[in-house]
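Reader: I am new to this structure. Please take me through its salt bridges, one pair at a time, and show me where the partners sit.

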Amino acid sequence: MTEQWESIYTTPLQHRAELAKALLSEHQIPAVIVNKHSSSYPAIGWGKSEVHVLAKDAILAKVILENEATFS
């Protein structure tokens, strides 16, 4: 059975996505980062990074990021 993933956090800064993923991992919520930055113009930094979690964990993950993340 295929699990559904949901984007819960979007940022233009890759390191913030990594911090969000680490914070969710501390709460045993599996997360992945989808890199949507342009490889054509890496120096400009066009694009964004998205943190995705399983749909069943999305609400809890958003609450955790809103209450515990200090980088937002």
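Author: What follows is a walk through the salt bridges, with a closer stop at one lysine.

The model is predicted. How many salt bridges does the structure hold? There are four.

Start with K62 and E6. They form a salt bridge, and their closest N and O atoms are 3.5 Å apart. This pair links distant parts of the chain. K62 belongs to helix α2, residues 58–68. E6 belongs to strand β1, residues 5–11. The two are 56 residues apart. Is each partner buried or exposed? K62 is partly exposed, at a relative accessible area of 33%. E6 is partly exposed too, with 31% relative accessibility.

Next come E50 and K36. They also form a salt bridge, with 3.5 Å between the closest N and O atoms. E50 lies in strand β3, residues 49–54. K36 lies in the loop between β2 (31–35) and β3, so the pair ties together parts that are 14 residues apart in sequence. What about exposure? E50 has a relative accessible area of 8%, which means that E50 is buried, because the cut-off for buried is under 20%. K36 has a relative accessibility of 44% and counts as partly exposed.

Now take K56 and D57. The salt bridge between K56 and D57 has its closest N and O atoms 3.5 Å apart. K56 has a relative accessible area of 64%, so K56 is exposed, the cut-off being over 50%. D57 is buried, with a relative accessible area of 13%.

Some salt bridges share partners. They join K36, K48 and E50 into one network.

K48 deserves a closer stop. Where is K48 found? It sits in the loop between β2 and β3. K48 is partly exposed, because its relative accessible area of 35% falls between the cut-offs for buried and exposed. Along the chain, K48 and K36 are twelve residues apart. Their C-alpha atoms are separated by 5.1 Å.

Which residues does K48 contact, leaving aside its neighbours within four places in sequence? Among them are T10, T11 and P12. V34, N35, K36 and H37 are in contact with K48 as well. K36 therefore appears twice around K48: as a contact of K48, and as a member of the salt-bridge network with K48 and E50.

How values were computed:
Residues numbered from 1 in each chain as written. Predicted model: local features only at pLDDT ≥ 70, side-chain atom pairs only at ≥ 80, totals over all residues. Heavy atoms only, no water. Salt bridge = Lys/Arg side-chain N within 4 Å of Asp/Glu carboxyl O. Helix = DSSP H or I, 4+ residues; strand = E, 2+ residues; numbered from the N terminus. Buried < 20%, exposed > 50% of the residue type's maximum accessible area, 1.4 Å probe, protein only. Contact = heavy atoms within 4.5 Å.
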